[in-house]
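Good morning, and thank you for joining this meeting. I would ask you to look at the sequence and the structure for a moment before I begin.

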Amino acid sequence: MKDIYILGIESSCDETSAAIIKNGCIDIATVISSQIDVHKDYGGVVPEIASRHHVKNITFVLQECLERAKMTMDDIDGIAITYGPGLIGSLLIGLEAAKTLAYLYQKPLIPIHHIAGHIYANSLVKPLQFPLLALVVSGGHTELIEMQDHFKFRKLGGTLDDAIGECYDKVARVIGLEYPGGPKIDKLAVEGSPTYKLPVPLKDDSYNFSFSGLKSAVINLSHNETQRGNSLREADLASSFQKVAVKSIVEKTKKALQDTGIKRLIVAGGVAASQGLRNEIYKMADELQVEVSIPPLKYCTDNAAMIASAGYYAYKLGRRADFSLNSLSSDKLQ
Ligand code: KG4
Ligand code: ZN
């Protein structure tokens, strides 16, 4: 059978990335240009600045990807592109680059939902097997999704307010840590003890999450301590926050696994890089005898390898977009 090479392009937030993936699983070349250093002075991603940097970087990222792969566009079978959700201005840069290449080299254009990309990051490790439950934990999403087959997504629940990554980043800001705060909280948490009492979010029978109450509790706690002239025990706060946030995620995931009887769990998105979350997920899955897949750290946060991997399966299903494809800030996972 002929090998299929998909070029993936991702620019939904502050990473400009291109990757070439063979047969959905072999990483031939992945290039990621991160803008973290640009945005950290502002405490978060500034959309206008992000778009300008994508414009500056996209051509070099694509060129470097082809060079590293020792390939030309003639070797590529299809171009997979993140069309949303994300920052519109950022998405448009990747989308225009993808359309231009597809037009110029007469290649199929394959539309990929960003969250589908995060889920398919797991197929870079091992092909997905169904049925499975996907726990998506990123800067913009916190969702539990059931999949019976490729690109058959059924949302069981999701956050009612803030996404978990957003909450990590906000708590980090309160503690005085630089953007993105998630990895820093995760590191600091192991140095402290969970001695601050924080509310456990949304203890109910649904598969939904809620993190705004927890976020507000951390902000209030910080203000109260300052007013009392007490200094914040930063590592203890990171540990207390992470314990409660992870507990909420793991308990809802456990319930979804028990109720559906699904024996395969995949974790996806930037917060899947959290060691605190990984440890508790593995413990819970062990108890339920559920097989777990979590991508290596480099495929957890935004990257084009996951888009190209999803693109391979979408290509095989005949999914194509024409040149009217537009970027979307939010869209149903499909
Ligand atoms: O998936 P992602 O790269 O971008 C979105 O699609 O949103 O996720 C970014 C989020 C950020 O909120 C970041 O703080 C969080 O993932 N993150 C982490 C870790 N690494 C990244 N959160 C906790 N622990 C980590 N090690
Ligand atoms: Zn993402």
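Where does K70 lie? K70 is found in the loop that runs between α2 (47-69) and β4. Please keep in mind throughout that we are looking at a predicted model. With a relative accessibility of 75%, K70 counts as exposed, because the threshold for that class is over 50%. One distance helps to place this residue: 22 residues along the chain separate K70 from E48, and their C-alpha atoms are 34 Å apart.

From that loop I move on to strand β4 itself, residues 78-84. Is β4 mostly covered or mostly open? Strand β4 is mostly covered, with 7 of its 7 residues buried. Two strands pair with β4. Strand β1, residues 5-10, runs parallel to β4, and 4 bridges connect the two. Within this pairing, I9 has I81 of β4 as its bridge partner. Strand β5, residues 109-113, also pairs with β4 in the parallel sense, here over 5 bridges. In that case the bridge partner of I79 is L109 in β5.

Let me turn to the metal site. Which residues coordinate the zinc ion, ligand 2? The donors are H114 and H118, each through NE2, and D302 through OD, at distances of 2.0 to 2.1 Å. Along the sequence, these donor residues follow the spacing H-x3-H-x183-D. Both histidines belong to helix α4, residues 114-120, where they are 4 residues apart, about one turn of the helix. H114 and H118 are both buried.

A further histidine deserves a remark. H141 sits in the loop between β6 (132-137) and β7 (142-149). Its relative accessible area is 17%; H141 is therefore buried, as the limit is under 20%. Setting aside neighbours within four places in sequence, H141 contacts P85, I115, V136, A163 and I164.

The strands on either side of that loop bring us to a sheet. In what order do its strands follow one another? This is an open sheet of 5 strands, ordered β8-β7-β6-β9-β10, and its pairing is mixed. Strands β8 (152-158) and β10 (291-293) form the edges; each has a single partner strand, so one side of each lacks a neighbour in the sheet. On average, and ignoring direction, neighbouring strands here are turned by 25° against each other. As a reminder, strands of a sheet pair through backbone hydrogen bonds, and the pairing may be parallel or antiparallel. At the β10 edge, strand β9 (residues 264-268) runs parallel to β10 and is joined to it by 3 bridges. I266 has S293 in β10 as its bridge partner.

I come now to the aromatic residues. How many aromatic pairs does the structure hold? There are 7. One of them is formed by Y103 and F323: the ring centres lie 5.9 Å apart and the planes stand at 80°, so this pair is edge-to-face. The pair connects distant parts of the chain, since Y103 is in helix α3 (residues 88-105) and F323 is in the segment after α11 (304-316), with the two positions 220 residues apart. Y103 is exposed, at 56% relative accessibility, whereas F323 is partly exposed, at 45%.

A second example is the pair of Y312 and Y313. Their ring centres are 4.9 Å apart and their planes meet at 85°, so this pair too is edge-to-face. Both of these tyrosines are buried. Ring pairs also link Y120, F151, F153, Y312 and Y313 into a cluster. One more ring has a charge above it: the charged end of R233 sits over the ring of Y196, at 4.3 Å from its centre.

My last stop is helix α8, residues 234-260, which contains V250. Why is V250 classed as buried? The reason is its relative accessible area of 10%, which falls under the limit of 20%. Which residues does V250 touch, if those up to four places away in sequence are not counted? They are L277, E280, I281 and M284. As for K283, its C-alpha atom is 9.7 Å from that of V250, although 33 residues along the chain separate them.

That concludes my presentation, and I thank you for your attention.

How values were computed: Residues are numbered from 1 along each chain as its sequence is written. Chains are lettered from A and ligands numbered from 1 in the order in which they are written. This is a predicted model: local features need pLDDT of at least 70, side-chain atom pairs count only at pLDDT 80 or more; totals for chains, interfaces and linings use all residues. Side-chain values use heavy atoms; hydrogens and water are left out. Buried means under 20% relative accessible area, exposed over 50%, partly exposed in between (1.4 Å probe, protein chains only). Contact means heavy atoms within 4.5 Å. Rings of Phe, Tyr and Trp (its six-membered ring) pair if their centres lie within 6.5 Å; planes under 30 degrees apart count as stacked, over 60 as edge-to-face and the rest as tilted. A charge sits over a ring if NZ of Lys or CZ of Arg is within 6 Å of the ring centre and within 35 degrees of the ring normal. Donors are N, O and S atoms within 2.8 Å of the metal (3.2 Å for Na, K and Ca); water is not among the atoms, so sites may look incomplete. Two strands pair if DSSP finds at least two bridges between them. Axes are lines fitted to C-alpha atoms, for helices over the stretch in contact, and angles run from 0 to 180 degrees between N-to-C directions.
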